[in-house]
Amino acid sequence: MIALIGQTTQEIRSLVAEAVGVPDYRGSQVAEWIYRRTMPGEGGGANASFDTMTDLPLVLRNQLAEHFLLHTLTQSTTLKDERDGTVKIATALPDGPHVEAVLMPDDKRVSTCLSCQAGCPMVCVFCATGTQGLGRNLTAGEIVEQFLLLQAQSERRITHVVYMGMGEPMLNYDNVLSSIRILTGEIGLSMRHITVSTVGILPGIERLAEEKLQLTLAVSLHAPSDELRARIVPVHRTYTIRRLLDACRAYFDKTGRRVTFEYVLLAGVNDRPEDAREVAAILKGFPAALNLIPYNPTSVAERFERPDNARVADFRRIVEASGVTVTQRKERGRQIAAACGQLVTELYKP
Ligand code: SAH
């Protein structure tokens, strides 16, 4: 059976018309339930069911239920950090593997972090997801459904999406892009409120630049030199920082969007003042911002230490002195294993 989540309204119209021979507007009604009634209590989105599509004739609802699935994920764990409102869910894909997604409300925005692969083949040394290896790519529907599951649990409308959950978006390029088109075109999110985070797969960055979308590209830099980066992010052995920066510059030239560089701070590894000076030197004058992420300890990947606040502040000051914009990731959901891939890797290790 075909799942309707992940299809555009146009596709749903054709699928429904073909399967049961009704006019196209019937498919639009189904799409309304899936993508436009996503808030808690509206009866659609993650809670959509053919049974409750009361604006469709009963006979048609029964026919649709024979041909189509609305959803494919099964939510298996929900954890809430009562202090900051962070909700983390683990969901099972139909064939077994689990992925996780996070809801992070704050004063101004409600953000979600979505997974695009079950597992990840990039094996960054500090990352919990990397210890799993690649299970498989998620479909666009499986990505969008994570969003809908979280929206169904949030009284406030989700405003921002980051592809910073499990997996490497550039290795599942087409499905990630289809999911973005549904989040913006169907559900109504602003393209500018979507961030795609990559370990730095150059062909993917080059391809995304050609799409000329107004989304934010985030690149996991994590080290200022080729030697150090190759140790932390093994895929870097095939690239150089020079080529990575060139690709990011081209991305800016094509899209007009500044790139965000993420930098996980690992105590004693890449957080020294000389590392900060090198980062400052390579990013000076670059159309970019640096996002510092103090390491989140996990029990599954190689162990590192989180630098103390003074160390983080020093690093920040040195980079800022060269005129580079620096932000710092707030730690959220510490009570609920919110570090990347941690929940699933600890609970459901394949
Ligand atoms: N594959 C994408 C998305 C990964 S998750 C990428 O590499 O960018 C998003 C960010 O979280 C990445 O920068 C990743 O390196 C970082 N991350 C993963 N595990 C972490 C941990 N334990 N502590 C802090 N940041 C982590």
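## The sheet

In this predicted model, 10 strands make up an open sheet of mixed pairing, running in the order β3-β4-β5-β6-β9-β10-β11-β12-β13-β14. Its edges are β3 (74–80) and β14 (325–328); each has a single partner strand, so one side of each lacks a neighbour in the sheet. Direction ignored, neighbouring strands of this sheet are turned against each other by 20° on average.

Within the sheet order, β6 is followed by β9. Strand β6 covers residues 110–113 and strand β9 covers residues 160–163; the two pair in the parallel sense over three bridges. Thr112 has Val161 in β9 as its bridge partner.

## The nonpolar core

The largest nonpolar core has 109 residues, and the members that touch the most others are Phe261 and Leu290. In soluble globular proteins, nonpolar side chains tend to be buried together.

Setting aside neighbours within four places in sequence, Leu290 is in contact with Phe261, Tyr263, Val279, Leu283 and Phe315. The list of its contacts also includes Val319, Val324, Thr325, Val326 and Thr327. Residues 325–328 are those of the edge strand β14.

## Cysteines

The disulfide count is zero. A disulfide requires two cysteine sulfur atoms within 2.5 Å. For Cys120, the closest cysteine sulfur is that of Cys127, 6.5 Å away, which is too far for a bond.

Are Cys120 and Cys127 buried or exposed? Cys120 is buried, at a relative accessible area of 9%. Cys127 also counts as buried, with 15% relative accessibility, because the cut-off for buried is under 20%.

Terms used: Residues numbered from 1 in each chain as written. Predicted model: local features only at pLDDT ≥ 70, side-chain atom pairs only at ≥ 80, totals over all residues. Heavy atoms only, no water. Buried < 20%, exposed > 50% of the residue type's maximum accessible area, 1.4 Å probe, protein only. Core = buried A, V, L, I, M, F, W, Y, C linked by side-chain atoms within 4.5 Å. Contact = heavy atoms within 4.5 Å. Pairing = 2+ DSSP bridges. Helix = DSSP H or I, 4+ residues; strand = E, 2+ residues; numbered from the N terminus. Axes fitted to C-alpha atoms, helices over the stretch in contact; angles between N-to-C directions.
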